[in-house]
Amino acid sequence: MTITEDTRPALGLPQIQSLAAADMAAVDALIRHRLSSDVVLINQIADHIISAGGKRLRPMLVMLAGHAVGTAGPEHHQLAAIIEFIHTSTLLHDDVVDESSLRRGRSTANALWGNAPSVLVGDFLYSRSFQLMVELDRMPVMQILADTTNRIAEGEVLQLLHVHNPDTDEAAYLRVIERKTAVLFAAGTRLGALASGVDETTQQALYDYGMHLGYAFQIADDVLDYSANAEELGKNLGDDLAEGKATLPLIHAMAHSDDATRERLRSIVQDGDASAMPEVLAAIRATGGLDYSRRRAEEYAEAAERALDGLGDNDAVAALRGLARYAVQRSH
C-alpha cells in the first residue's frame, strides 16, 4: 500500500498549520525576542533570514511531537526555537559554502552582506541556541542537541568531500542526508516527546519518525531540483549540478547509463557544468531517475508513518502523518 492509498487519519498542510498556529506564534515571538543583539549587523542579517519565511517545519515538529504524546507548553516553545536557530545557522553557512545567491526566492545573506558576516552571524545563532539550551538546565536535552550539532557539522564536511566527485554512490549520498538533514528532524521530534515526559520507547518512535521524514524530505527536495518550477522552488534550478553535487536522480542515471553517457555525466559532475542541464535531464529521464528517487522518498515517508503506529490517533499524530505525505507530494 502506498502512502497515497493509506486510509489512516492524516491532515493536509493547511489543517496542520492551523492546528499548530497558536504554538507557532509563540515560537515565532520567542525567536524574534531572542534574536536581538546590540550589534546592528547581527540584527539585520538574522532578521533577513528569519523573515524569509518558510514553513518553520522543524520547530513545528517539536510542537506536534509533544502534542502527539501529551501536552506541550513553554519548554517545547524554547526547544522549537533552539531547533530553528540551529537550522538557520546552517543555512547561513551552507549558502557561503555553496556560493548560493538565492534562497526562498530572495537574495541570500552572503549575496547581500558578504561571506564573512554571514559565517559570523551563523556562529552567533549557533551560540544563541546553546544559551537557550543551557537555560533549560536538562542534561538529556543538552546531550541530544550537542550530539546533533556535531553530526550536522560532520555532514557539512562529508558533503564537501563529495562535491565534484562522480564516484558518489547512493549509500554515500544517504550518509550525507542523515547528518545534514535527518538528524535535526529526529532531534526535534525526540525533544518534543522528551519534554512531554514520555518513556524512552515512545521517544525512540518519534526519533525514528523524524529520521525517516528527514530522508524523505531531502530526497524529494533533490527531485525538485530537476523537476520543479524555478519560481515556485524559490531557488535556481540546477543549483546542485552547478555546485558539483551528485544527488539521487543523477546518481541513479550514472549507475544505469551506457558507458559513453556515464563518462559524459561524470565529466559534468566534475566540472559542475550547469549548462549541460539538458543532457543531464535527458539521461535522468532515460534511466527513470526521477521515478526511482520519488519511490525512495515514498519508502522513507511510509517508514515515518509506520513509526507512529504505536502512538494511537489524535490530531497531532494525524498532522505528523500528513507531514510525511506532504514531504513527498509537494511541488516546492
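## Close-up views of a predicted model

**View 1. Two aromatic pairs turn up in a search of the whole structure.** The model shown here and in the other views is predicted. In one pair, the ring centres of Phe 185 and Phe 217 lie 5.6 Å apart. Their planes meet at 45 degrees, so this pair is tilted. The pair bridges distant parts of the chain, with Phe 185 in helix α8 (residues 170–195) and Phe 217 in helix α9. The two residues are 32 residues apart. Phe 185 has 0% relative accessibility and counts as buried. Phe 217, at 14%, also counts as buried, because the cut-off is under 20%.

**View 2. Tyr 215 and Tyr 300 form a stacked aromatic pair.** The rings sit 4.6 Å centre to centre. The angle between their planes is 15 degrees. This pair, too, links distant parts of the chain. Tyr 215 belongs to helix α9, and Tyr 300 to helix α15 (residues 289–307). Along the chain they are 85 residues apart. Both tyrosines are buried.

**View 3. Helix α9 runs from residue 200 to residue 224.** The helix has 25 residues. From first C-alpha to last, α9 reaches 36 Å. That is close to the 36 Å expected at 1.5 Å a residue. Of the 25 residues, 19 are buried, so α9 is largely enclosed by the rest of the structure. At the start of the helix, look for Asp 199. One of its side-chain oxygens comes to within 3.1 Å of the backbone nitrogen of Thr 201. Both aromatic pairs place a ring on this helix: Phe 217 in one, Tyr 215 in the other.

**View 4. Helix α6 covers residues 115–136.** Its end C-alpha atoms are 33 Å apart. The 22 residues should span 32 Å at 1.5 Å a residue, which agrees. Buried residues of α6 include Ser 118, Val 121, Gly 122, Phe 124, Leu 125 and Tyr 126. Further along, Arg 128, Ser 129, Leu 132, Met 133 and Leu 136 are buried as well. What covers these buried residues? The cover includes α1 (13–35), α2 (40–50) and α4 (74–98). It also includes α5 (109–113) and α7 (139–162). Just after the helix, Asp 137 adopts a positive phi of about 55 degrees.

**View 5. Asp 98 lies in helix α4.** Is Asp 98 buried or exposed? Its relative accessible area is 16%, so it is buried, the cut-off being under 20%. Beyond its neighbours within four places in sequence, Asp 98 is in contact with Gln 159, Glu 243 and Lys 245. Gly 244 also belongs in this view. The C-alpha atoms of Asp 98 and Gly 244 are separated by 9.7 Å. Along the chain, these two residues are 146 residues apart.

**View 6. The whole protein has 16 helices and two strands.** Its radius of gyration is 20 Å, close to the 20 Å that the globule rule gives for 332 residues, so the protein is as compact as a globular protein of that length. Along the principal axes, the C-alpha atoms fill a box of roughly 60 × 50 × 30 Å. Buried residues account for 57% of the 332. Among contacts between residues at least 6 apart in sequence, 76% join residues at least 24 apart. The accessible surface comes to about 13800 Å². Carbon and sulfur atoms hold 51% of that surface.

Methods
Residues numbered from 1 in each chain as written. Predicted model: local features only at pLDDT ≥ 70, side-chain atom pairs only at ≥ 80, totals over all residues. Heavy atoms only, no water. Helix = DSSP H or I, 4+ residues; strand = E, 2+ residues; numbered from the N terminus. Expected span 1.5 Å × (residues − 1). Buried < 20%, exposed > 50% of the residue type's maximum accessible area, 1.4 Å probe, protein only. Polar contact = N/O pair within 3.5 Å; in protein donor to acceptor, adjacent residues only side chain to side chain. Contact = heavy atoms within 4.5 Å. Rg over C-alpha atoms; globule rule 2.2 N^0.38 Å. Areas by Shrake-Rupley, 256 points an atom, 1.4 Å probe, with all protein chains shown as cover. Phe/Tyr/Trp six-rings, centres within 6.5 Å; stacked < 30°, edge-to-face > 60°.
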